[in-house]
Number of protein chains: 2
Amino acid sequence: MSASVAAPQHPPTEGVPVSLVAPPRLLAAVTAELADFLDDHAGLLLDVHPDLTLLADLARITVLGGGKRLRPIFVYWGWRAAQPAGRDGEDALIRAAASLELLQACALVHDDVMDSSATRRGGPAAHIRFADVHRARQWAGAVDAAEAFGRSGAILLGDLLLSWAEEMFSAAINELEPARAAAAARHFDLMRTEVAAGQFLDLLAQTRAELDVDEALRVIQFKTSKYTIERPLLIGAAAADADADVLRVLSHYGRQLGEAFQLRDDLLGVFGDPSETGKPAGDDLRGGKRTLLVALAAQRATTRQRAVIERGLGDHDLDSAGVAGLRQVLTDTGARSAVERRITECAERAAAALGDAAVQAPARQALLELAHVAAHRTR
Amino acid sequence: MSASVAAPQHPPTEGVPVSLVAPPRLLAAVTAELADFLDDHAGLLLDVHPDLTLLADLARITVLGGGKRLRPIFVYWGWRAAQPAGRDGEDALIRAAASLELLQACALVHDDVMDSSATRRGGPAAHIRFADVHRARQWAGAVDAAEAFGRSGAILLGDLLLSWAEEMFSAAINELEPARAAAAARHFDLMRTEVAAGQFLDLLAQTRAELDVDEALRVIQFKTSKYTIERPLLIGAAAADADADVLRVLSHYGRQLGEAFQLRDDLLGVFGDPSETGKPAGDDLRGGKRTLLVALAAQRATTRQRAVIERGLGDHDLDSAGVAGLRQVLTDTGARSAVERRITECAERAAAALGDAAVQAPARQALLELAHVAAHRTR
């Protein structure tokens, strides 16, 4: 087994100051559930053929090699929004919550293939790891065989993770009362359709010559807000048989905070510190990502500034001077500070949505802190 | 909407002489369930954004534009193997059976991306349809933007179909008694892991300089036998609370017939009539598919014949004379007739497995006929 696919240690969860937002037991339980599930299913793969070690190892690296575990955290606080800690079914709920990390792992693996991104969380993306193994072992094939193997391996790995997500979710949620299980599953199903819809809208947005602020916001709503925050909250709340008031509050909170979360992601993708974000500086600009930040800059740009955007955005060979020039335009047009303002407003609206509503006190406190963390994180 | 993505009429199910193997009501019900599900979910997509028509249309074309419906047919006969027609839950079972067509649609869409296959069922593959739309509407982007959009669109479409397969399966199967639902879901879960495992082994097989008969058979077992026949039968049988004898008989039958089915596929891919198979002649040879047929030919080849295989197999630009030369070697080495013999033996063993065992009479009769059809079809 080459070093590039060595099984990872379980790293501490990155990016979110853990003590603020989740009981340490929760994150440990999420990681333990994922590790158990992956061990069990690696066993199934190895029973088929020892060569499937490669697939099992990549699954472990992808799922256990980092990540903020935000979706499980929001599922948990959705559940706690409607009831105190320690209620019947909490272990099953945490197992169901953990399954969302398998879904997210699929999304990242397939995204990196679609975007041809080489890097993920400071290491090689899955399709690059597969290709590296092909080269290191000097396997047979045409000139581009390693790259083709990498892409195909990553497509299959993503499919497997998506199947496993559902398997883990269904098995766990079906331990709850049937009506609660069905209500939670409904949000899980909608979430999966919505995230594919949001990703496809994102693809379509990249095909437009003109950038559009409304389109950028719609992509955010489906690709990120609902998928990362609103639906996870509703899955947890539905599993706890929350009443309509709680569900409405969580929806509103989730949508606002989801927008803030994605806008922060967009800023970090351009202005973030690579040692914190794990992504090379300027990659989002070279990749031509059509974000709200870019849409606002284009709207406000002078002719000269517009030319800088049109020349630099999406240029895969853009050098660091070019990246710096684009950053300057994003700042000088006021787009960067407009996005910062919008993040603050969204996070404030998210917090206000919680108000003095029916959300139970510990959950309200955690969600307030999460609103701050998600909006102002540095990675 | 361009002609290339017009919604299809529901064509009659192709490839299997319907009256022999399935009550006409079954195939009509499978198609109706799929059409209802897709209509409902197209609605969800259009609520997100009208531009998602494109994604919804491609889903319909992929799922309703043909296919033998073999997996639903085997689920149904697995169910009937253990009980008479008309038992409680039969409608739910048929809905669960239909969901396997969504899974298969995902597999085909992703396979065609991985293999860069342009053609599927006599029409353009999904990634080609997406790319065609990009070009027809003159969307913006770099030179290869249409191809990149096509691949990314197809990856997302496949992910959506995979999510939908599970959503449809779980909702339907959960209408049965919990113990039956759980037993059927277990086979559904194993099937999804096994098919990804089989596809990955197939990828690995393509990386080997030497062809290997045992490896080719192992790929068949997981990529096709279990996925197409054995697990569908066991899903139906488990849902009917079949006893261990019935399950064992169906497993044995399914494994044997699955091998016959895939070997016939391999022969049709090389020697089949393109007007029947819907695939251009020689594509499997140009794609370098490492099948048992090719492995046997390599084993038996003279030095000259081996050179023809090594030169031609996997050559994307192979002309029709080159294809004919390869075919000749596959025939002259005796590989073609050895595979034919093996198909007959497998189908006979499948039929013999049914014996006078506990499988109920109408199901036994249907499975005997299916063994003949799957082994001797021309498309």
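Q: Why is B:Arg377 called buried in this predicted model?
A: B:Arg377 has 7% relative accessibility. The cut-off for buried is under 20%, so B:Arg377 counts as buried.

Q: Where is B:Arg377 found, and what lies 2.9 Å from a polar atom of its side chain?
A: B:Arg377 sits in the segment after α17 (361–376) of chain B. The backbone oxygen of B:Phe261 is 2.9 Å from a polar atom of the B:Arg377 side chain.

Q: What makes B:Asp283 and B:Arg286 a salt bridge?
A: Their closest N and O atoms are 3.5 Å apart. The rule asks for a side-chain nitrogen of Lys or Arg within 4 Å of a carboxyl oxygen of Asp or Glu, so the pair qualifies. Both residues lie in helix α12 (residues 283–286) of chain B, 3 residues apart, about one turn of the helix.

Q: Why is B:Asp283 called partly exposed, and why does B:Arg286 count as buried?
A: B:Asp283 has a relative accessible area of 31%. Partly exposed lies between the 20% and 50% cut-offs, so that label fits B:Asp283. B:Arg286 has 18% relative accessibility; buried means under 20%, so B:Arg286 counts as buried.

Q: How do you know that B:Arg25 and B:Glu90 meet in a salt bridge?
A: The N to O distance between their side chains is 3.6 Å. The limit is 4 Å, so this pair counts too. The salt bridge links distant parts of the chain: B:Arg25 is in helix α2 of chain B and B:Glu90 is in helix α5 of chain B, 65 residues apart.

Q: Why is B:Glu90 called buried?
A: The relative accessible area of B:Glu90 is 8%. Since buried means under 20%, B:Glu90 is buried.

Q: What makes B:Arg192 and A:Glu166 a salt bridge, and where are the two residues?
A: Their closest N and O atoms are 2.5 Å apart, and the rule allows 4 Å, so they form a salt bridge. The pair crosses between chains, with B:Arg192 in helix α8 of chain B and A:Glu166 in helix α7 (residues 145–173) of chain A. Both B:Arg192 and A:Glu166 are buried.

Q: What makes B:Glu166 and A:Arg192 a salt bridge?
A: Their side chains meet at 2.4 Å, N to O. The limit is 4 Å, so this pair is a salt bridge. The count between chain B and chain A is 4 salt bridges, while over all chains it comes to 44.

Q: How many residues are in contact between the two chains, and how much area do the chains bury?
A: On chain B, 49 residues are in contact with 49 residues of chain A. The two chains bury about 4,500 Å² between them, 70% of it on carbon and sulfur atoms. There are also 14 residue pairs in polar contact between the chains, both residues at pLDDT 80 or more.

Q: Which helix supplies the largest share of the side of chain B that touches chain A?
A: That share, 13 residues, comes from α7(B). The residues on this side divide into 27 nonpolar, 13 polar and 9 charged.

Q: Which residues have the most contacts inside the largest nonpolar core?
A: They are A:Tyr253 and B:Tyr253, in a core of 261 residues. Leaving aside neighbours within four places in sequence, B:Tyr253 is in contact with residues including B:Phe74, B:Ile229, B:Leu233 and B:Leu354.

Terms used: Residues numbered from 1 in each chain as written. Chains lettered and ligands numbered in written order. Heavy atoms only, no water. Contact = heavy atoms within 4.5 Å. Buried area = accessible area lost by both parts, 1.4 Å probe. Polar contact = N/O pair within 3.5 Å; in protein donor to acceptor, adjacent residues only side chain to side chain. Helix = DSSP H or I, 4+ residues; strand = E, 2+ residues; numbered from the N terminus. Nonpolar A, V, L, I, M, F, W, Y, C, P; charged D, E, K, R; others polar. Core = buried A, V, L, I, M, F, W, Y, C linked by side-chain atoms within 4.5 Å. Buried < 20%, exposed > 50% of the residue type's maximum accessible area, 1.4 Å probe, protein only.
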